[in-house]
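Here's a quick briefing to read with the model open in your viewer. It goes through strands, helices, cores and aromatic rings in that order.

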Amino acid sequence: MTAPVQLVALSGGVGVPSSTRMLTDQLTAATRAALEADGRTVEVFTVDLRDLAHQVVDMTLTRFPAPELAEVLDRLRAAAGVIAVTPTFNASYSGLFKSFFDVLDEGTLDGTPMLLGATGGTARHSLAVDYAMRPMMAYLRADVVATSVFAASEDFGAATTAPDEIPLAGRATRAGRELADRMLAVAGHTRTAEQPTEAQPAAEPR
């Protein structure tokens, strides 16, 4: 019997409730659905980084993780895929989000398929994914998929969008499928032939 695929989802939201956690859950559900459509069993481990904030600071100073943080780091090293989502502060990722990645051991994310997401008050912050998140993940040698998902406040619960825009659910589905495909490829699997990819527009607003 094939072992479950390990998917770790990191939510950098600092509020409760959190739009960042909402986007994290949406991307996780899309990735899980894509993997299960290919007959894979998925085990998801979702982490709210706000719950680890004090432990992250302590490890920054001591280099020794507390037990709860150590478990998260172990799961991250063993993950077949990672979803990482941050709120946008001052046109970049949050300090908590960056601090968490600062305490990772070198090589933790080498070659790990990763999907990036971010939230912000308006779409003006959407470039933070490409100008801040992608360079950091490239330095950490993560294998980031092409499609990232930025969600502004207006994206949540929106019934319609502008004619040239893809709804949030559609963007999440596309990104989740890309992450699932990358995870399967790294694991030496291919997509089940009976499960075609849903047609997607050629271009996507960021």
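Two strands count as paired if DSSP finds at least two bridges between them. With that in hand, β3 and β5 pair in the parallel sense, over six bridges. Bear in mind that this is a predicted model.

**Strand β5 and its partners**
- On the β3 side, I83 stands opposite L115 of β5.
- Strand β6 (residues 143-144) also pairs with β5 in the parallel sense, through two bridges, and V144 in β6 is the bridge partner of M114.
- β7 runs parallel to β5 as well, and four bridges join them; here G120 has A152 in β7 as its bridge partner.
- Is β5 enclosed by the rest of the structure or not? Largely enclosed, because eight of its eight residues are buried.
- In a regular strand, side chains alternate between the two faces of the sheet.
- In β5, P113, L115, G117 and T119 point one way, while M114, L116, A118 and G120 point the other way. All of these are buried, whichever way they point.

**Helix α1, seen from T28**
- T28 sits in helix α1, which covers residues 19-37.
- The relative accessible area of T28 is 7%, and buried means under 20%, so T28 is buried.
- Leaving out residues up to four places away in sequence, T28 touches L7, A9, V44 and I83. That last residue, I83, is the one opposite L115 in β5.

**Helix α6**
- How far apart are the end C-alpha atoms of α6 (residues 168-186)? They are 27 Å apart, which agrees with the 27 Å that its 19 residues should span at 1.5 Å a residue. The expected span is 1.5 Å times one less than the number of residues, which is why 19 residues give that figure.
- Buried residues of α6 include L168, R171, A172, A175, L179 and M183. Arginines are on the buried list too, among them R174 and R177.
- An α-helix has 3.6 residues a turn, so residues three or four places apart point the same way.
- The cover over the buried residues of α6 includes β1 (5-11), α1, β3 (81-89), β5 (113-120) and β7 (149-152).
- After α6 comes G188, with a positive phi near 85°.

**Nonpolar cores**
- In soluble globular proteins, nonpolar side chains tend to be buried together.
- The largest nonpolar core here has 32 residues, and L10, F100, F101, M114 and M137 touch the most other members.
- At least two residues of this core come from each of β1, α2 (53-62), α3 (67-78), β3, α4 (95-102), β5, α5 (128-139) and β7.
- Another core, of 21 residues, lies apart from it and includes L27, L35, L115 and A175.
- Beyond its neighbours within four places in sequence, M137 is in contact with F97, F101, M114, L116, A142 and V144.

**Aromatic rings**
- Searching the whole structure turns up three aromatic pairs.
- One of them is F100 with F101, an edge-to-face pair at 5.4 Å centre to centre, with 85° between the planes. Both F100 and F101 are buried.
- Y93, F97, F100 and F101 make up one aromatic cluster.
- Elsewhere, R75 lies over the face of F45, 4.0 Å from the ring centre.

Key. Residues are numbered from 1 along each chain as its sequence is written. This is a predicted model: local features need pLDDT of at least 70, side-chain atom pairs count only at pLDDT 80 or more; totals for chains, interfaces and linings use all residues. Side-chain values use heavy atoms; hydrogens and water are left out. Buried means under 20% relative accessible area, exposed over 50%, partly exposed in between (1.4 Å probe, protein chains only). Contact means heavy atoms within 4.5 Å. Rings of Phe, Tyr and Trp (its six-membered ring) pair if their centres lie within 6.5 Å; planes under 30 degrees apart count as stacked, over 60 as edge-to-face and the rest as tilted. A charge sits over a ring if NZ of Lys or CZ of Arg is within 6 Å of the ring centre and within 35 degrees of the ring normal. A nonpolar core is a set of buried Ala, Val, Leu, Ile, Met, Phe, Trp, Tyr and Cys residues joined through side-chain atoms within 4.5 Å.
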